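Visitor: Could you walk me through reading a structure like this one? I'd like the general idea each time, and then the case at hand.

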Amino acid sequence: MAKDARELFEAIVERVKVLDPANSRRWFDDLTIKNFDGGLLEITCPDGEAAGFLQDNCTNSFTRAAQQITGYLVSIKFSVDGKAEKGKISLMNQTDPRLHPDYTFDNFVVGPANRFAHASCIAVSKSLGTIYNPLFIYGSVGVGKTHLLHAICREARNNLAKAKIQFLSCEEFVNRFISAIEAGTMAEFKSLYRTVDLLVIDDVQFLREREQSQEEFFHTFNALYGNRRQIVLSADAAPGQIPSLPERLTSRFEGGLVARIDAPTYETRVAIVQKKARLRGMKISDEVAEYIAGMVKANIRELEGALTTLYALAGAASEEIDLETARKTLGDREMPDKNITITDIIKAVTVYYDVRPADLQSKKRSQSITKPRQICMYLARNLTSHSLEEIGGHLGGRDHTTVMHACSKISGLQQIDDKIQSQLAELTKRITK
Ligand code: ADP
Ligand code: MG
């Protein structure tokens, strides 16, 4: 496990170098991980100067990198420790550092949109490999899939201290698979993943178009399934709706229990805001919880983002945050007006990228057309309340899976590519103005 945390940390440092090359330094390779208990990553620096530099310039990029690698929000702390030696870390008495301490069943608010998925996850965590295998959870971004997967692992660990559990994002699975091929360690790779009691893979839509990894995944799946080991998967769409996954995989995924999570209802959102505020030790009034819940509709991660902003700007003082403060702090984050049309979006995007509307609607697949087209879909999804089908219809009669694919692609790019991020910000500004 200690090795696991170290690998995770190395991956984070590598990601920082990509995200923020300007501030990356050669001595980043000398940084070591001091502690990582899920919510807080403590990093030991060679000296005070390094710690100061990181604190001032790199807190953001480390936070982003850690979030991308682990899949959840991580706080970063830089410190100096004279005695620290490279490679030595203290990870005594810890649960898996990948498991977020807050992502438990207790902290999951149950409502009509997620009740079935929640119950399925609890059932599976109590009897691995026997009732629903595989369990496949799907829903759009920020509806609590990763949270539930962490909770299953934690619960299974509590019930069965000796259970061999592997939790990883699909991206990581693919990366490890590729490294194993390159390093000639496929035998170890196979024996590691084919002998666990519980294999949990988050975001399997990542497998699409990765044929070789699909193949390995298929064999891993069959080996585990044949031995009645539990498999839990999540994705942003139902098995049959993930573009370019072969039938033999999707039919395997459908062979157990498939549970959908929908966007939370208003009442659930209010309860989630209250729960998250309590977890952070923030005091907010019911009015404020309702205000935030009314502001953010679908993505709970954004609800949390609103709370984080509130915490940073107004919550440091330990008084209760009132509605007026919340309005002042969050007012400009409110979702833009509903009367934005897809035509407005197409207009802004075509002007910005200097392409013609007819190009966006055509079958052309050159990068210079595909990107603006995908950005159109992404913006339409985020700034209007049109369905995926309607958005596809406006963009040359494309089907909803294409739109979904475009949205997840752009939202992924936005996280790692500052250029895309600023283009989206500029476009949003022009469209909502
Ligand atoms: P997904 O993996 O579906 O994109 P996450 O599991 O990362 O979404 O959830 C995003 C955030 O929302 C997490 O902080 C998670 O704890 C929180 N969240 C989602 N659903 C719930 C819920 N029902 N109760 C409490 N927190 C939730
Ligand atoms: Mg997730």
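Guide: We'll take the ligand site, then the salt bridges, then a few strands. Keep in mind that this is a predicted model.

Visitor: Let's start with the ligand. Which residues come nearest to ligand 1?

Guide: Start with the shell of residues around the ligand, then pick out individual contacts. Here 18 residues surround ligand 1, and G142, H147, K276, R301 and E304 come nearest. By class, that shell has 7 nonpolar, 7 polar and 4 charged residues.

Visitor: Which helices each supply at least two residues of that shell?

Guide: There are α5 (145-159), α10 (266-279) and α12 (300-315), each with at least two residues in the shell around ligand 1.

Visitor: And which N or O atoms of the protein should I look at?

Guide: Try both backbone and side chains. At G142, a backbone N or O atom sits 2.7 Å from an oxygen atom of ligand 1. K145 brings a polar side-chain atom to 2.8 Å from an oxygen atom of ligand 1. For N114, a side-chain N or O atom is 3.3 Å from a nitrogen atom of the ligand. As for cover, ligand 1 on its own has 550 Å² of accessible area, and the protein covers 98% of that.

Visitor: Now salt bridges. What's the general idea, and how many does a search of the whole structure find?

Guide: Side chains of opposite charge can pair when their charged atoms come close. The search of the whole structure turns up 16 salt bridges. One of them joins the side chains of E7 and R176, at 4.0 Å from N to O.

Visitor: Where do E7 and R176 lie in the chain?

Guide: E7 belongs to helix α1 (residues 2-19) and R176 to helix α6 (residues 170-183), so their salt bridge ties together parts 169 residues apart in sequence. There's a network too: salt bridges link E7, E172 and R176.

Visitor: Is R176 buried or exposed?

Guide: Check the relative accessible area, where buried means under 20%. R176 counts as buried because its relative accessibility is 18%. E7, at 33%, is partly exposed.

Visitor: Which salt bridge involves residues that also come nearest to the ligand?

Guide: Look at E304 and K276, whose closest N and O atoms are 3.7 Å apart in a salt bridge. This pair links distant parts of the chain, with E304 in helix α12 and K276 in helix α10, 28 residues apart. Both residues are buried, and both are among those that come nearest to ligand 1.

Visitor: What about D359 and K364?

Guide: Their side chains meet in a salt bridge at 2.8 Å, N to O. D359 is buried, with a relative accessible area of 8%, whereas K364 is partly exposed at 41%.

Visitor: Last topic, strands. In which sense do β1 and β2 pair, parallel or antiparallel?

Guide: Read the direction of the pairing and then look for bridge partners. Strand β1 (residues 32-36) pairs with β2 in the antiparallel sense, over 4 bridges. N35 has E42 in β2 as its bridge partner.

Visitor: And how does β2 pair with β3?

Guide: In the parallel sense, over 6 bridges, with strand β3 covering residues 75-80. There L40 stands opposite S75 of β3.

Visitor: Why is β2 described as largely enclosed?

Guide: Count the buried residues along the strand. In β2 (residues 40-45), 5 of the 6 residues are buried, so the rest of the structure largely encloses this strand.

Conventions:
Residues numbered from 1 in each chain as written. Chains lettered and ligands numbered in written order. Predicted model: local features only at pLDDT ≥ 70, side-chain atom pairs only at ≥ 80, totals over all residues. Heavy atoms only, no water. Near = heavy atom within 4 Å. Polar contact = N/O pair within 3.5 Å; in protein donor to acceptor, adjacent residues only side chain to side chain. Areas by Shrake-Rupley, 256 points an atom, 1.4 Å probe, with all protein chains shown as cover. Nonpolar A, V, L, I, M, F, W, Y, C, P; charged D, E, K, R; others polar. Buried < 20%, exposed > 50% of the residue type's maximum accessible area, 1.4 Å probe, protein only. Pairing = 2+ DSSP bridges.
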